[in-house]
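Biologist: I would like a close look at a single part of this protein, namely one of its sheets and the strand at its edge, and then an account of how that part sits among the contacts of the whole chain. Please take it step by step and keep the charged pairs in view.

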Amino acid sequence: MRTLTVLLATAALAIAADPQFREHVIATDLKGGYHVVAIDMNHDGKIDLIALASGMKELVWYENPNWERHVITGNLNHMINVAAWDTDGDGIPELVLATEFANVAKNSIGIVSVLHHNGDPREPWTIQEIDRLTTTHRLRFADIDGSGKKVCINAPLTGAKADAPDYRDHAPLVFYRPGVWKPETISDANEGVQHGIYINDWRGDGRDSILTASFSGIHRNWLDKNGRWQRAEISKGSPDPWPKGGSSDVTVGHLGKHRFLAAIEPWHGNIVSVYNEGKKDEFTRGVIDTKLVDGHTIITADLDGNKHDAIIAGYRGTGRSVYIYRADDAKGTKWSRTTLDDGGIGAAACAAADFNSDGRIDIACIGSATTNLKWYENLGAKKR
(Lines give C-alpha, C1' and ligand atoms only; values in the text may rest on other atoms or scores of the structure.)
Protein backbone atom coordinates (compact mmCIF):
# COMPACT_ATOMS: atom_id res chain seq x y z
CA MET A 1 0.00 0.00 0.00
CA ARG A 2 2.84 2.42 0.84
CA THR A 3 4.42 1.87 -2.61
CA LEU A 4 1.09 2.46 -4.33
CA THR A 5 0.50 5.62 -2.33
CA VAL A 6 3.91 7.04 -3.25
CA LEU A 7 3.36 6.24 -6.93
CA LEU A 8 0.01 7.98 -6.87
CA ALA A 9 1.47 10.95 -5.08
CA THR A 10 4.32 11.51 -7.51
CA ALA A 11 2.14 11.42 -10.61
CA ALA A 12 -0.08 14.29 -11.65
CA LEU A 13 -3.27 12.31 -12.19
CA ALA A 14 -5.62 15.03 -13.33
CA ILE A 15 -5.99 18.71 -13.97
CA ALA A 16 -8.30 20.22 -11.37
CA ALA A 17 -11.38 22.02 -12.67
CA ASP A 18 -9.67 25.38 -12.12
CA PRO A 19 -6.99 25.32 -14.87
CA GLN A 20 -4.61 27.20 -12.59
CA PHE A 21 -4.09 24.01 -10.54
CA ARG A 22 -2.77 20.50 -11.15
CA GLU A 23 -4.14 17.76 -8.89
CA HIS A 24 -1.91 15.21 -7.14
CA VAL A 25 -3.26 12.29 -5.11
CA ILE A 26 -1.25 11.44 -1.98
CA ALA A 27 -3.47 8.79 -0.35
CA THR A 28 -6.75 6.99 -1.00
CA ASP A 29 -7.17 4.89 2.16
CA LEU A 30 -7.90 7.46 4.88
CA LYS A 31 -11.19 6.19 6.28
CA GLY A 32 -13.17 9.10 7.68
CA GLY A 33 -10.57 11.69 6.63
CA TYR A 34 -11.17 14.72 8.82
CA HIS A 35 -8.21 17.05 9.41
CA VAL A 36 -5.02 18.00 7.60
CA VAL A 37 -2.13 20.08 8.98
CA ALA A 38 0.63 21.59 6.84
CA ILE A 39 3.90 21.83 8.78
CA ASP A 40 7.57 20.84 8.49
CA MET A 41 7.73 17.60 10.47
CA ASN A 42 11.44 16.75 10.09
CA HIS A 43 13.20 20.12 9.99
CA ASP A 44 14.27 19.86 6.32
CA GLY A 45 12.64 23.09 5.14
CA LYS A 46 9.81 21.35 3.25
CA ILE A 47 6.16 21.54 4.30
CA ASP A 48 4.79 18.09 5.10
CA LEU A 49 1.21 16.98 5.77
CA ILE A 50 -0.29 15.40 8.88
CA ALA A 51 -3.43 13.45 7.96
CA LEU A 52 -5.99 12.64 10.65
CA ALA A 53 -8.78 10.21 9.80
CA SER A 54 -11.48 9.55 12.41
CA GLY A 55 -12.11 6.01 11.18
CA MET A 56 -8.48 4.93 11.53
CA LYS A 57 -6.39 3.75 14.48
CA GLU A 58 -3.18 5.42 13.27
CA LEU A 59 -2.19 9.07 13.05
CA VAL A 60 0.07 9.51 10.02
CA TRP A 61 2.15 12.09 8.22
CA TYR A 62 3.35 12.30 4.64
CA GLU A 63 6.89 13.44 3.89
CA ASN A 64 7.42 16.02 1.17
CA PRO A 65 8.41 15.72 -1.70
CA ASN A 66 7.71 12.00 -2.37
CA TRP A 67 4.93 11.89 0.22
CA GLU A 68 6.18 8.79 1.98
CA ARG A 69 3.79 7.69 4.73
CA HIS A 70 4.98 7.59 8.35
CA VAL A 71 3.00 6.41 11.39
CA ILE A 72 3.16 8.82 14.33
CA THR A 73 1.27 6.60 16.76
CA GLY A 74 -1.47 3.98 16.75
CA ASN A 75 -4.18 2.30 18.82
CA LEU A 76 -6.30 5.45 18.73
CA ASN A 77 -10.08 5.77 18.73
CA HIS A 78 -12.26 8.46 17.17
CA MET A 79 -9.55 11.01 16.42
CA ILE A 80 -10.98 14.44 15.62
CA ASN A 81 -8.22 17.11 15.59
CA VAL A 82 -4.50 17.71 15.95
CA ALA A 83 -2.43 20.87 16.45
CA ALA A 84 1.30 21.15 15.76
CA TRP A 85 3.97 23.57 16.99
CA ASP A 86 7.62 23.38 18.04
CA THR A 87 7.24 24.18 21.74
CA ASP A 88 10.74 23.11 22.84
CA GLY A 89 12.81 24.74 20.08
CA ASP A 90 14.38 21.60 18.60
CA GLY A 91 13.01 22.27 15.12
CA ILE A 92 10.43 19.48 15.19
CA PRO A 93 6.86 20.20 16.30
CA GLU A 94 5.09 18.78 19.30
CA LEU A 95 1.55 17.57 18.57
CA VAL A 96 -1.60 17.93 20.65
CA LEU A 97 -4.20 15.35 19.69
CA ALA A 98 -7.93 14.96 20.42
CA THR A 99 -9.39 11.44 20.52
CA GLU A 100 -12.46 9.56 21.81
CA PHE A 101 -14.80 12.14 20.25
CA ALA A 102 -18.56 11.94 19.72
CA ASN A 103 -21.05 14.65 18.71
CA VAL A 104 -23.27 13.92 21.70
CA ALA A 105 -21.57 14.93 24.95
CA LYS A 106 -22.71 11.96 27.02
CA ASN A 107 -20.94 9.65 24.54
CA SER A 108 -17.73 11.69 24.24
CA ILE A 109 -14.74 11.18 26.55
CA GLY A 110 -12.67 13.92 24.91
CA ILE A 111 -9.10 12.77 25.55
CA VAL A 112 -6.36 15.36 24.95
CA SER A 113 -2.79 14.07 24.52
CA VAL A 114 0.65 15.50 23.78
CA LEU A 115 2.94 13.66 21.35
CA HIS A 116 6.74 13.98 21.27
CA HIS A 117 9.17 12.55 18.74
CA ASN A 118 11.93 10.26 19.96
CA GLY A 119 14.80 11.60 17.87
CA ASP A 120 13.60 10.54 14.43
CA PRO A 121 10.12 11.88 13.55
CA ARG A 122 9.75 9.09 11.00
CA GLU A 123 9.65 6.56 13.85
CA PRO A 124 6.79 6.15 16.39
CA TRP A 125 6.24 9.03 18.80
CA THR A 126 5.59 9.02 22.56
CA ILE A 127 2.03 9.91 23.59
CA GLN A 128 1.00 11.35 26.97
CA GLU A 129 -2.57 12.06 28.05
CA ILE A 130 -2.97 15.54 29.61
CA ASP A 131 -6.72 16.12 29.90
CA ARG A 132 -10.23 14.81 29.43
CA LEU A 133 -12.72 17.44 28.34
CA THR A 134 -16.05 16.32 26.89
CA THR A 135 -16.40 16.80 23.10
CA THR A 136 -12.89 18.20 22.67
CA HIS A 137 -13.08 19.09 18.99
CA ARG A 138 -10.80 21.91 17.73
CA LEU A 139 -7.15 22.38 18.73
CA ARG A 140 -4.93 25.26 17.59
CA PHE A 141 -1.71 26.91 18.83
CA ALA A 142 -1.77 30.66 19.53
CA ASP A 143 0.56 33.36 20.87
CA ILE A 144 -1.91 34.94 23.27
CA ASP A 145 0.47 37.38 24.99
CA GLY A 146 2.94 38.35 22.27
CA SER A 147 5.80 36.49 23.95
CA GLY A 148 6.43 34.21 20.97
CA LYS A 149 5.62 31.24 23.20
CA LYS A 150 2.44 29.65 21.91
CA VAL A 151 -0.21 27.88 23.98
CA CYS A 152 -2.67 25.27 22.75
CA ILE A 153 -6.32 26.33 22.46
CA ASN A 154 -9.03 23.69 22.98
CA ALA A 155 -12.57 24.43 21.76
CA PRO A 156 -14.98 21.57 22.60
CA LEU A 157 -17.96 21.15 20.30
CA THR A 158 -20.56 21.62 23.06
CA GLY A 159 -21.05 21.83 26.78
CA ALA A 160 -21.18 18.64 28.84
CA LYS A 161 -24.99 18.70 29.15
CA ALA A 162 -25.77 19.39 25.48
CA ASP A 163 -27.92 16.94 23.54
CA ALA A 164 -29.31 16.75 20.02
CA PRO A 165 -31.07 18.40 18.31
CA ASP A 166 -30.87 21.71 20.20
CA TYR A 167 -27.52 21.19 22.01
CA ARG A 168 -28.54 23.64 24.73
CA ASP A 169 -25.58 24.35 26.99
CA HIS A 170 -22.56 26.63 27.24
CA ALA A 171 -19.45 25.39 25.41
CA PRO A 172 -16.10 25.86 27.19
CA LEU A 173 -13.00 27.39 25.62
CA VAL A 174 -9.68 26.60 27.35
CA PHE A 175 -5.93 26.62 26.76
CA TYR A 176 -2.84 24.68 27.86
CA ARG A 177 0.65 26.08 28.49
CA PRO A 178 3.36 23.78 27.07
CA GLY A 179 5.28 21.98 29.77
CA VAL A 180 2.47 22.49 32.27
CA TRP A 181 -0.37 21.17 30.13
CA LYS A 182 -3.12 22.09 32.60
CA PRO A 183 -6.42 23.56 31.32
CA GLU A 184 -7.00 27.26 31.94
CA THR A 185 -10.37 28.84 31.15
CA ILE A 186 -10.82 31.46 28.44
CA SER A 187 -14.63 31.59 28.28
CA ASP A 188 -17.82 29.56 28.43
CA ALA A 189 -20.04 32.21 26.84
CA ASN A 190 -20.72 30.44 23.53
CA GLU A 191 -23.92 28.42 23.45
CA GLY A 192 -24.97 25.38 21.46
CA VAL A 193 -22.48 23.97 18.95
CA GLN A 194 -19.06 25.67 18.89
CA HIS A 195 -17.76 24.22 15.64
CA GLY A 196 -14.95 26.43 14.37
CA ILE A 197 -12.04 28.47 15.72
CA TYR A 198 -9.47 30.60 13.91
CA ILE A 199 -6.27 32.13 15.27
CA ASN A 200 -5.43 35.64 14.08
CA ASP A 201 -3.16 38.54 15.06
CA TRP A 202 -6.15 40.88 15.00
CA ARG A 203 -4.34 44.11 15.90
CA GLY A 204 -1.02 43.33 14.23
CA ASP A 205 0.77 43.56 17.58
CA GLY A 206 1.96 39.96 17.86
CA ARG A 207 -0.86 38.98 20.22
CA ASP A 208 -3.21 36.37 18.75
CA SER A 209 -6.96 36.49 19.13
CA ILE A 210 -9.18 33.41 19.02
CA LEU A 211 -12.17 33.72 16.72
CA THR A 212 -15.00 31.28 17.42
CA ALA A 213 -17.92 30.24 15.23
CA SER A 214 -20.91 28.83 17.10
CA PHE A 215 -24.67 28.93 17.43
CA SER A 216 -24.04 32.24 19.23
CA GLY A 217 -22.39 33.70 16.11
CA ILE A 218 -18.82 34.85 15.50
CA HIS A 219 -16.84 36.20 18.44
CA ARG A 220 -13.30 37.36 19.15
CA ASN A 221 -11.55 36.36 22.38
CA TRP A 222 -8.25 37.94 23.43
CA LEU A 223 -6.01 38.30 26.45
CA ASP A 224 -5.62 41.98 27.32
CA LYS A 225 -2.40 43.54 28.57
CA ASN A 226 -3.65 43.19 32.15
CA GLY A 227 -3.91 39.41 31.75
CA ARG A 228 -7.71 39.34 31.56
CA TRP A 229 -9.68 37.57 28.84
CA GLN A 230 -12.01 39.75 26.78
CA ARG A 231 -14.78 38.76 24.37
CA ALA A 232 -16.55 40.76 21.66
CA GLU A 233 -19.28 39.84 19.20
CA ILE A 234 -18.44 40.29 15.52
CA SER A 235 -21.72 38.95 14.12
CA LYS A 236 -24.67 36.79 15.06
CA GLY A 237 -24.10 34.82 11.85
CA SER A 238 -27.04 33.34 9.99
CA PRO A 239 -30.26 34.92 11.29
CA ASP A 240 -32.31 31.71 11.16
CA PRO A 241 -33.75 30.56 14.51
CA TRP A 242 -31.95 28.12 16.81
CA PRO A 243 -30.59 25.54 16.02
CA LYS A 244 -30.32 26.62 12.36
CA GLY A 245 -28.61 29.96 12.94
CA GLY A 246 -25.20 31.24 13.93
CA SER A 247 -21.96 30.20 12.28
CA SER A 248 -19.97 27.01 11.69
CA ASP A 249 -16.46 27.88 10.47
CA VAL A 250 -14.64 31.21 10.14
CA THR A 251 -11.44 32.56 8.62
CA VAL A 252 -9.82 35.95 8.01
CA GLY A 253 -8.52 37.34 4.72
CA HIS A 254 -7.26 40.57 3.19
CA LEU A 255 -7.74 42.39 -0.11
CA GLY A 256 -4.67 44.56 0.14
CA LYS A 257 -5.24 46.54 3.33
CA HIS A 258 -8.96 45.71 3.44
CA ARG A 259 -9.84 43.00 5.97
CA PHE A 260 -12.72 40.59 5.62
CA LEU A 261 -14.02 37.45 7.29
CA ALA A 262 -15.41 34.41 5.48
CA ALA A 263 -17.66 31.83 7.10
CA ILE A 264 -19.65 28.68 6.45
CA GLU A 265 -23.14 29.04 7.93
CA PRO A 266 -25.05 27.61 9.73
CA TRP A 267 -23.55 24.49 11.36
CA HIS A 268 -22.44 22.15 8.54
CA GLY A 269 -24.36 24.56 6.36
CA ASN A 270 -24.85 25.49 2.72
CA ILE A 271 -23.92 29.18 2.90
CA VAL A 272 -20.62 30.96 2.29
CA SER A 273 -20.80 34.39 3.92
CA VAL A 274 -18.34 37.26 3.61
CA TYR A 275 -18.06 39.91 6.32
CA ASN A 276 -16.53 43.16 5.06
CA GLU A 277 -14.99 45.53 7.56
CA GLY A 278 -16.28 49.07 7.61
CA LYS A 279 -15.42 51.09 10.68
CA LYS A 280 -13.01 49.50 13.11
CA ASP A 281 -14.26 46.03 14.07
CA GLU A 282 -17.66 46.60 12.39
CA PHE A 283 -18.48 44.03 9.73
CA THR A 284 -21.29 43.80 7.18
CA ARG A 285 -22.49 40.32 6.19
CA GLY A 286 -23.06 39.31 2.59
CA VAL A 287 -23.93 35.87 1.19
CA ILE A 288 -21.85 34.83 -1.84
CA ASP A 289 -22.97 31.20 -2.21
CA THR A 290 -25.77 28.93 -1.01
CA LYS A 291 -24.86 25.75 -2.89
CA LEU A 292 -22.68 23.86 -0.41
CA VAL A 293 -23.96 20.57 0.99
CA ASP A 294 -22.59 19.85 4.47
CA GLY A 295 -20.01 22.63 4.25
CA HIS A 296 -17.05 21.84 6.46
CA THR A 297 -13.88 23.78 5.61
CA ILE A 298 -13.07 27.37 4.73
CA ILE A 299 -9.66 29.03 4.46
CA THR A 300 -8.13 32.05 2.71
CA ALA A 301 -4.86 32.35 0.77
CA ASP A 302 -3.17 34.63 -1.75
CA LEU A 303 -3.31 32.23 -4.67
CA ASP A 304 -2.62 34.76 -7.43
CA GLY A 305 0.33 36.64 -5.98
CA ASN A 306 -1.56 39.93 -5.96
CA LYS A 307 -1.91 40.42 -2.19
CA HIS A 308 -5.62 39.68 -2.52
CA ASP A 309 -6.74 36.57 -0.66
CA ALA A 310 -9.08 34.09 -2.28
CA ILE A 311 -11.57 32.01 -0.29
CA ILE A 312 -11.33 28.22 -0.51
CA ALA A 313 -14.42 26.32 0.73
CA GLY A 314 -15.18 22.61 0.63
CA TYR A 315 -18.14 20.39 1.43
CA ARG A 316 -18.71 16.74 2.24
CA GLY A 317 -22.28 16.14 1.05
CA THR A 318 -23.74 15.42 -2.39
CA GLY A 319 -21.45 16.92 -5.01
CA ARG A 320 -18.34 16.69 -2.78
CA SER A 321 -16.43 19.61 -4.20
CA VAL A 322 -14.00 22.41 -3.37
CA TYR A 323 -14.62 25.93 -4.65
CA ILE A 324 -12.41 28.99 -4.97
CA TYR A 325 -13.91 32.46 -4.66
CA ARG A 326 -12.06 35.54 -5.90
CA ALA A 327 -13.13 39.13 -5.24
CA ASP A 328 -14.26 41.14 -8.24
CA ASP A 329 -13.61 44.47 -6.53
CA ALA A 330 -11.23 45.96 -3.99
CA LYS A 331 -13.78 45.88 -1.15
CA GLY A 332 -15.01 42.32 -1.62
CA THR A 333 -18.63 43.18 -2.36
CA LYS A 334 -18.78 40.81 -5.36
CA TRP A 335 -17.10 37.43 -5.76
CA SER A 336 -16.64 34.97 -8.64
CA ARG A 337 -16.52 31.21 -8.09
CA THR A 338 -14.40 28.59 -9.84
CA THR A 339 -14.19 24.87 -9.06
CA LEU A 340 -10.96 23.44 -7.72
CA ASP A 341 -12.20 19.85 -7.41
CA ASP A 342 -15.45 18.78 -9.07
CA GLY A 343 -16.82 15.82 -7.11
CA GLY A 344 -13.49 14.19 -6.36
CA ILE A 345 -13.16 14.91 -2.65
CA GLY A 346 -15.62 15.19 0.24
CA ALA A 347 -13.50 17.93 1.75
CA ALA A 348 -13.53 17.92 5.54
CA ALA A 349 -10.48 20.18 5.87
CA CYS A 350 -8.05 22.08 3.65
CA ALA A 351 -4.71 23.80 4.23
CA ALA A 352 -2.69 26.25 2.14
CA ALA A 353 1.12 26.34 1.83
CA ASP A 354 3.89 26.37 -0.77
CA PHE A 355 4.48 22.63 -0.96
CA ASN A 356 6.98 22.62 -3.85
CA SER A 357 8.88 25.80 -2.89
CA ASP A 358 8.17 27.55 -6.18
CA GLY A 359 6.82 30.78 -4.69
CA ARG A 360 3.17 29.88 -5.26
CA ILE A 361 0.65 28.97 -2.57
CA ASP A 362 -0.78 25.49 -3.10
CA ILE A 363 -3.77 23.78 -1.48
CA ALA A 364 -4.15 20.40 0.27
CA CYS A 365 -7.48 18.81 1.24
CA ILE A 366 -8.56 15.64 3.02
CA GLY A 367 -11.79 13.81 2.17
CA SER A 368 -14.17 12.06 4.53
CA ALA A 369 -16.45 9.75 2.52
CA THR A 370 -13.91 9.81 -0.32
CA THR A 371 -11.12 8.70 2.09
CA ASN A 372 -8.45 10.62 0.17
CA LEU A 373 -5.74 13.25 0.55
CA LYS A 374 -4.78 15.50 -2.36
CA TRP A 375 -2.64 18.50 -2.99
CA TYR A 376 -3.38 20.96 -5.75
CA GLU A 377 -0.30 22.46 -7.37
CA ASN A 378 -0.66 26.16 -8.14
CA LEU A 379 0.43 26.84 -11.73
CA GLY A 380 -0.46 30.52 -11.69
CA ALA A 381 1.40 33.70 -10.82
CA LYS A 382 4.12 33.64 -8.19
CA LYS A 383 3.56 35.58 -4.99
CA ARG A 384 4.93 39.10 -5.27
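**Charged pairs and an edge strand**

Modeller: I will begin with a charged pair, since D294 and R316 meet through their side chains in a salt bridge, with 3.1 Å from N to O. This pair links distant parts of the chain, because D294 is in the loop between β22 and β23 (295-301), whereas R316 is in the loop between β24 (310-315) and β25, 22 residues apart. D294 is partly exposed, with a relative accessible area of 23%, while R316 counts as buried at 16% relative accessibility. Please keep in mind that this is a predicted model.

The strand β22, which comes before the loop of D294, leads to the sheet you asked about. Four strands form this open sheet in the order β19-β20-β21-β22, and their pairing is antiparallel. The edge strands are β19, residues 249-255, and β22, residues 283-289, and each of them pairs on one side only. On average, and with direction ignored, neighbouring strands of this sheet are turned by 25 degrees against each other.

Let us now look closely at the edge strand β19. Its partner is strand β20, residues 258-265, and the two pair in the antiparallel sense over seven bridges. Among the residues that can be followed across this pairing, H254 has R259 in β20 as its bridge partner, and G253 has F260 in β20 as its bridge partner. The two strands form a hairpin with two residues between them, and in the turn G256 has a positive phi of about 65 degrees. Although β19 pairs on one side only, six of its seven residues are buried, so β19 is largely enclosed by the rest of the structure.

R259 deserves a second look, since this bridge partner of H254 also belongs to a network in which salt bridges that share partners join R203, R259, E277 and D281. By the rule applied here, the salt bridges of the model come to a count of 20.

Another of these salt bridges is formed by D18 with R326, where the closest N and O atoms are 3.3 Å apart. Here too the pair links distant parts of the chain, with D18 in the loop between β1 (12-15) and β2 (21-27) and R326 in strand β25, residues 322-327, which places them 308 residues apart. D18 counts as buried at 5% relative accessibility, and R326 counts as buried at 18%.

A further salt bridge brings together the side chains of D341 and K374, at 2.9 Å from N to O. D341 lies in strand β26, residues 335-341, and K374 in strand β29, residues 373-378, so this pair ties together parts that are 33 residues apart in sequence. Both D341 and K374 are buried.

A buried polar residue can be followed in the same way. Q194 lies in strand β15, residues 194-200, and is buried, with a relative accessible area of 1%. Its side chain makes a polar contact with the side chain of N190, at 2.9 Å. Leaving aside residues up to four places away in sequence, Q194 touches a set of residues that includes H137, A155, P156, L157, T212 and S214.

For comparison with the sheet of β19, there is another open sheet of four strands, in the order β7-β8-β9-β10, and its pairing is antiparallel. At its edges stand β7 (81-85) and β10 (126-132), each with a single partner strand, so one side of each is left without a neighbour in the sheet. Its neighbouring strands are turned by 20 degrees against each other on average, direction ignored. Within this sheet, strand β8, residues 94-99, and strand β9, residues 111-116, pair in the antiparallel sense over five bridges, and T99 has I111 in β9 as its bridge partner.

Finally, the whole protein gives these parts their setting. It has one helix and 29 strands, and its radius of gyration of 19 Å is close to the 21 Å that the globule rule gives for 384 residues, so the protein is as compact as a globular protein of that length. Its C-alpha atoms fill a box of roughly 50 × 50 × 40 Å along the principal axes. Of the 384 residues, 58% count as buried, and residues 24 or more positions apart account for 46% of the contacts with a separation of 6 or more.

Technical notes
Residues numbered from 1 in each chain as written. Predicted model: local features only at pLDDT ≥ 70, side-chain atom pairs only at ≥ 80, totals over all residues. Heavy atoms only, no water. Pairing = 2+ DSSP bridges. Axes fitted to C-alpha atoms, helices over the stretch in contact; angles between N-to-C directions. Buried < 20%, exposed > 50% of the residue type's maximum accessible area, 1.4 Å probe, protein only. Polar contact = N/O pair within 3.5 Å; in protein donor to acceptor, adjacent residues only side chain to side chain. Contact = heavy atoms within 4.5 Å. Salt bridge = Lys/Arg side-chain N within 4 Å of Asp/Glu carboxyl O. Rg over C-alpha atoms; globule rule 2.2 N^0.38 Å.
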